[in-house]
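Q: Please take a close look at one part of this protein, the sheet together with the helices that pack against it. I would like a connected account rather than a list.

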Amino acid sequence: MKHVIIHTDGSCLRNPGPGGWAAVLTLEGSGARKELSGGFRRTTNNRMEIMAVIAALEALKEPCAVDVHTDSQYVRNAVEKGWLASWQAKNWLKADKKPVLNVDLWQRLVPLLARHKVRLHWLRGHAGHAENELCDELARARAGEPDLPPDTGFAEEVGRQ
């Protein structure tokens, strides 16, 4: 099984506001590397953090062992601390019985986590880690582009924000 190392980041110029996501994928042992990024007109930082992981995992053509490095405690804890599994088991309700935010993205992430052997690792953002800094630059650049598409999942949640 191939081992892929992924670094991700999400950015919002205002929160909510224009947002971008980015991922750098490296195939261990080969030096093969791919950069991905995208953005939306109005979204949130948390949505962009999740989207970066989704896009990176969707880019993999076959099941892989994956180490994802993120500066998002929200994303890391949702997966590694079992929050995501709990939310899913409770029909996308949190412990306080309120609906889980970003459910459209979490539902998109679940089958990707099942397809790949994924471990998420937290790293401190803006701490000089080259791949994290690159992801931050790419995500911020995408957030600043004109004519970004709408984030329809965010639009559905606006009343709950």
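The account below begins with the whole chain and then turns to the sheet and its helices.

A: The model is a predicted one, and its secondary structure comes to 6 helices and 5 strands. Read from the N terminus, the elements follow the order β-β-β-α-β-α-α-α-β-α-α. The radius of gyration is 15 Å, close to the 15 Å that the globule rule gives for 161 residues, so the protein is as compact as a globular protein of that length. Along the principal axes, the C-alpha atoms fill a box of roughly 45 × 40 × 30 Å.

The sheet itself is open, has 5 strands and shows mixed pairing, with the strand order β3-β2-β1-β4-β5. Its edges are formed by β3 (33–43) and β5 (117–122), each of which pairs on one side only, and from one strand to the next the twist averages 20°. In general, the strands of a sheet pair through backbone hydrogen bonds, either parallel or antiparallel. In the case of β2 (residues 17–27) and β3, the two strands run antiparallel and are joined by 9 bridges. Within this pair, Leu25 stands opposite Lys34 in β3, and Gly20 stands opposite Gly39, again in β3. The two strands form a hairpin with 5 residues between them, and Gly29 in the turn has a positive phi of about 90°.

On the other side of β2 in sequence, the loop between β1 and β2 contains Pro16, and the peptide bond that leads from Asn15 to Pro16 is cis, with omega near 5°. A second backbone feature of interest concerns Asn91, which lies in the loop between α3 (83–89) and α4 and has a positive phi of about 55° although it is not a glycine. For context, most residues other than glycine have a negative phi, and most peptide bonds are trans.

Turning to the helices, α1 (residues 45–58) packs on the sheet and touches β1 (3–12), β2, β3, β4 (65–70) and β5, while its direction makes about 155° with that of β1. Helix α2, for its part, lies across β4 and β5 and runs at about 140° to β5.

Helix α1 also meets α4: the axes of α1 and α4 come within 10 Å and cross at roughly 30°, and with an angle under 35 degrees counting as roughly parallel, α1 is therefore roughly parallel to α4. The crossing of these two helices is left-handed. On the α1 side the contact is made by Arg47, Ile50, Met51, Val53, Ile54, Leu57 and Glu58, and on the α4 side by Asp104, Leu105, Trp106, Arg108, Leu109, Leu112 and Leu113. By class, the residues of this contact of α1 with α4 divide into 10 nonpolar, no polar and 4 charged.

Helix α4 (residues 103–115) packs with α2 (residues 73–80) as well, at an angle of about 55° and with the two axes 12 Å apart. The two helices are therefore oblique to each other, and the crossing of α2 and α4 is right-handed. Here Tyr74, Val75, Ala78 and Val79 in α2 meet Trp106, Leu109 and Leu113 in α4, and the contact has 7 nonpolar, no polar and no charged residues. Trp106, Leu109 and Leu113 of α4 thus appear both in the contact with α1 and in the contact with α2.

Finally, one residue from further along the chain can be added to this picture, namely Leu134, which lies in helix α5 (residues 130–143). Leaving aside residues up to four places away in sequence, Leu134 touches Val24, Arg33 and Glu35. The C-alpha atoms of Leu134 and Asn46, which are 88 residues apart along the chain, are separated by 18 Å.

Key
Residues are numbered from 1 along each chain as its sequence is written. This is a predicted model: local features need pLDDT of at least 70, side-chain atom pairs count only at pLDDT 80 or more; totals for chains, interfaces and linings use all residues. Side-chain values use heavy atoms; hydrogens and water are left out. Axes are lines fitted to C-alpha atoms, for helices over the stretch in contact, and angles run from 0 to 180 degrees between N-to-C directions. Helices (H or I, at least four residues) and strands (E, at least two) are DSSP runs, numbered from the N terminus. Angles under 35 degrees count as roughly parallel, over 145 as roughly antiparallel, 65 to 115 as roughly perpendicular and the rest as oblique. A crossing is left-handed if the near helix is turned anticlockwise from the far one by less than a right angle, and right-handed if clockwise. Contact means heavy atoms within 4.5 Å. Ala, Val, Leu, Ile, Met, Phe, Trp, Tyr, Cys and Pro count as nonpolar, Asp, Glu, Lys and Arg as charged, and the others, Gly among them, as polar. Two strands pair if DSSP finds at least two bridges between them. The radius of gyration is taken over C-alpha atoms; the globule rule is 2.2 Å times the number of residues to the power 0.38.
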